[in-house]
Amino acid sequence: MATKGNKDGVQWVVPDPKRENWYWPSDALRQHAWVSDPKIYDQAKADPLAFWAKQAEGITWFQKWSKVYEDEPFAYKWFVGGKLNLSYNSLDRHVEAGRGDRVALIWEPEPLSEPHRTMTYKQLLEEVGRFANALKALGVRKGDRVGIYLPMIPEAVVAMQACARIGAPHTVVFSAFSAESLRDRLVDSGAKVLITADGYWRRGKAIDLKPQADQALPGTQVSKVVVVRRMGQEIPWDAQRDVWYHEITKGQPTECKPEPMDAEDLAFILYTSGTTGKPKGVMHTTGGYAVQVYTTAKWDFNLHEDDVHFCTADVGWITGHSYVNYGPLMNGVASLVYEGTPDFPDFGRMWQIVEKHKVTVYYTAPTAIRMHIKWGDEWPKKYNLNSLRVLGSVGEPINEEAWLWYFHLVGGKRCPIIDTWWQTETGATCVQALPGVGPFVPTVAGRPFPGIRARIVDASGQPVKAGEGGYLVLEPPFPPALLRGLYGDPEKFRATYFGEFGPKVYFTKDGSRMDEMGNIRVTGRVDDVMNVAGHRLATAEVEDALAQHPAVSEVAVVSKPDEIKGEVPVAFVLLKKGFQASEDLKKDLIKTVDKIIGPTARPSSIYFSEDVPKTRSGKIMRRVLKALVRGEAVGDITTLRNPECVEDLKRLVGYKG
Ligand code: PRX
């Protein structure tokens with residue numbers, strides 16, 4: 001395939017002559033894009049199954065499917081009877097096509113003194129083969145779950161690929177999550193092997209990981225722990241249980257036959273926050289996931305084989321699964337993995353990486369962009385960012401200021417911003433503008449991807465008029481990568497996603513509105529899920545963590561808008577008798593949250609209150625607390641059991657509503 005474009009500094013967008021801050025693809029971009037004719041939307045709408053079947057032909061199947069889609073309530077299936085392997089599609093097929101010497105992974109360690117590493121497709125395939133064989137030698141078989149608790153090092157991608165190769169569903173746990181969070185996920189998934197590392201660099205500090213992993217193991221079914229040596233420091237070791245990655249892979253053959261997976265075989269489990277305290281194990285199967293991730297990566301970012309794709313998400317999140325690992329690799333491009341933080345050694349680090357590796361696609365979260373704004377314009381200006389072609393945004397609504405800054409300062413007014421709406425549950429992007437089609441408009445994600453049916457409905461499930469707010473729902477045929485269940489909890493799966501509008505309507509839990517052209521603007525969650533710095537978190541999770549502190553008798557957590565992080569948790573804590581409110585106690589409560597969930601869940605404020613508003617049946621009225629911390633009207637409180645507490649709370653939070 002010939003690749004046009006990708007030349008430094010090409011103008012990829014042009015402004016709309018009539019509408020301020022609207023942009024369209026330039027002729028150069030239209031010519032370079034996989035898709036530039038908007039008719040694709042209508043064609044796909046007329047026959048979504050034919051559309052997806054055509055996209056599925058873009059990847060390699062060991063056996064073709066016999067039926068494209070099966071519309072069973074709660075048991076929809078894609079590419080029925082088809083057989084394939086995610087790792088084969090990520091690696092072997094490029095090597096077999098003579099593209100084995102192309103770069104697959106670029107790894108930037110955090111310390112500038114350490115050289116970066118690259119791996120070609122051939123090298124990555126060999127490393128994955130060795131590790132897949134080593135996992136088999138440890139007794140891992142098709143269907144066995146494997147926990148992965150790794151920082152952003154190449155072995156994180158190798159481990160996921162090796163699991164996919166042998167058909168062992170991985171469950172990746174974010175390395176900054178606590179031992180308790182890891183344990184919950186290992187117990188729920190029944191993982192028998194855990195892959196971790198001795199540590200990693202974070203803001204110039206060596207962070208230990210192994211002690212946390214060890215602490216998580218009691219009570220789980222994990223019998224073997226594979227440890228990657230990243231740092232080389234002394235670590236606790238259990239000779240019966242622990243093995244070094246470099247030792248078990250040494251001498252293993254590089255060849256490992258990819259397991260032919262049924263399209264509906266489980267590919268992986270990824271835990272995410274629901275409205276309760278306990279995270280849910282979102283199940284993704286192989287065929288539909290592969291097809292949607294492959295197609296969206298290719299079309300959203302207009303990937304061609306000389307692209308350098310830098311998605312800043314951690315592999316612990318779905319964005320890292322789909323757009324650091326599987327999506328870019330299935331498309332045969334170079335995927336960049338960065339170990340550290342964007343502010344180390346200084347605020348220009350991300351732009352230094354873009355310049356150094358001539359990154360063409362940069363995909364990040366609005367919260368990161370807002371941090372860059374705070375750090376100042378001089379940082380992106382110091383570097384040559386002319387290699388950039390497409391800028392992506394994900395994880396939360398992008399505000400106009402962040403969009404414009406990203407567009408001007410990072411993209412040099414040349415690059416389209418592809419604001420992708422999706423969820424852990426959808427596995428791949430679902431709503432966005434396509435680079436060759438547009439329009440690119442601040443705060444507006446775009447149209448549902450071709451072949452995806454999204455609507456905005458009111459509380460009774462009726463479609464709302466253009467411009468009116470409502471709930472975003474997905475309708476059959478459901479997106480190929482949509483989750484197939486919650487691990488071990490079919491009832492919860494039905495109730496959570498199909499409880500509101502019935503078995504034929506998947507409820508995203510997001511509020512949104514659509515303009516006359518069909519472009520969707522997603523405004524945010526309508527349930528008790530917060531989006532803190534792009535990380536999904538239930539208020540109930542933070543409540544559960546705080547409630548475990550011995551001083552806490554009752555606790556309510558609500559979210560509050562935050563300039564940088566989008567939203568932050570705020571906690572109202574009622575103390576048990578004998579405990580005094582103090583700054584030290586606040587610190588101790590924060591430590592409890594760190595220990596039970598991780599620092600991402602820390603409340604930004606903790607208020608020690610005498611009481612919290614409750615209904616007559618004793619339920620905490622979080623709506624009132626939310627209004628108080630946001631300075632909004634509190635509304636009707638006459639039905640409260642204790643309306644008098646609202647005045648005290650107003651004083652406590654300094655309410656100016
Ligand atoms: O509220 C939506 C928001 O993030 C939620 C999904 O979070 P999670 O499962 O962690 O996945 C994040 C990465 C895919 C959604 O329900 N969200 C995600 N992308 C956008 C968004 N909100 C607005 N615009 C987006 N582009």
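Biologist: How many disulfides does the structure hold?
Modeller: Zero, where a disulfide is a pair of cysteine sulfur atoms within 2.5 Å. Keep in mind that this is a predicted model, with local features needing pLDDT of at least 70 and side-chain atom pairs pLDDT 80 or more, while totals for chains, interfaces and linings use all residues. Residues are numbered from 1 along each chain as its sequence is written, and side-chain values use heavy atoms, with hydrogens and water left out.

Biologist: How far is the nearest cysteine sulfur from Cys256?
Modeller: That sulfur belongs to Cys163 and is 11 Å away. Cys256 is buried at 4% relative accessible area; buried means under 20%, exposed over 50%, and partly exposed in between, with a 1.4 Å probe and protein chains only.

Biologist: And why is there no bond for Cys430?
Modeller: Because the closest cysteine sulfur, in Cys311, is 16 Å from the one in Cys430, too far for a bond. Cys430 is buried too, with a relative accessible area of 0%.

Biologist: Sheets next. What's the strand order in the open sheet of four?
Modeller: S25-S26-S28-S29, paired antiparallel. Strands here are DSSP runs of E with at least two residues, helices are runs of H or I with at least four, and both are numbered from the N terminus. Two strands pair if DSSP finds at least two bridges between them.

Biologist: Which strands stand at the edges?
Modeller: S25 (453–457) and S29 (520–525); each has a single partner strand, so one side of each is left without a neighbour in the sheet. On average, neighbouring strands are turned by 45° against each other, direction ignored. Those angles come from axes fitted as lines to C-alpha atoms (for helices, over the stretch in contact) and run from 0 to 180 degrees between N-to-C directions.

Biologist: Tell me about S28. Mostly covered or mostly open?
Modeller: Mostly covered, with seven of its nine residues buried. S28 covers residues 506–514 and pairs antiparallel with S29 over five bridges, where Met514 is the bridge partner of Ile520. S26 (residues 469–475) is joined to S28 by six bridges, again antiparallel, and there Leu472 stands opposite Asp510.

Biologist: Which residue takes a positive phi in the hairpin of S28 and S29?
Modeller: Gly518, near 95°; the hairpin has five residues between the strands.

Biologist: Switching to pockets: what volume does the second largest one have?
Modeller: About 530 Å³. A pocket is found on a 1 Å grid over the protein atoms alone, as an open set of points where a 1.4 Å probe fits, with protein on both sides within 12 Å along at least five of seven lines; lining residues have an atom within 4 Å of a point. The volume is the space filled by probe spheres set on the points, which are joined across faces, edges and corners.

Biologist: Which of the lining residues are closest to its centre?
Modeller: Lys45, Pro448, Ile452, Ala454 and Met514, out of 26 in the lining. Helix H2 (39–46), strand S24 (447–448) and S25 each supply at least two lining residues.

Biologist: What does the lining have by class?
Modeller: There are 14 nonpolar, three polar and nine charged residues. Ala, Val, Leu, Ile, Met, Phe, Trp, Tyr, Cys and Pro count as nonpolar, Asp, Glu, Lys and Arg as charged, and the others, Gly among them, as polar.

Biologist: What about S30, which way do its residues point?
Modeller: In S30 (residues 529–532), Val529 and Asn531 point one way and Met530 and Val532 the other, and all are buried. S30 pairs antiparallel with S31 (residues 535–538) over four bridges, and the two form a hairpin with two residues between them, where Ala533 in the turn has a positive phi of about 50°.

Biologist: Back to backbone oddities. Where is Pro345?
Modeller: In the loop between strand S19 (334–338) and helix H12 (349–357). The peptide bond from Phe344 to Pro345 is cis, omega near 0°. Gly438 and Pro439 are also joined by a cis bond, omega about -5°, and Pro439 lies in the loop between S23 (431–432) and S24.

Biologist: Phe79: buried or exposed?
Modeller: Buried, at 0% relative accessible area. Phe79 has a phi near 55°, positive in a residue other than glycine, and lies in strand S4 (residues 77–80). Lys358 has a positive phi of about 50° without being a glycine, but Lys358 is partly exposed at 48%.
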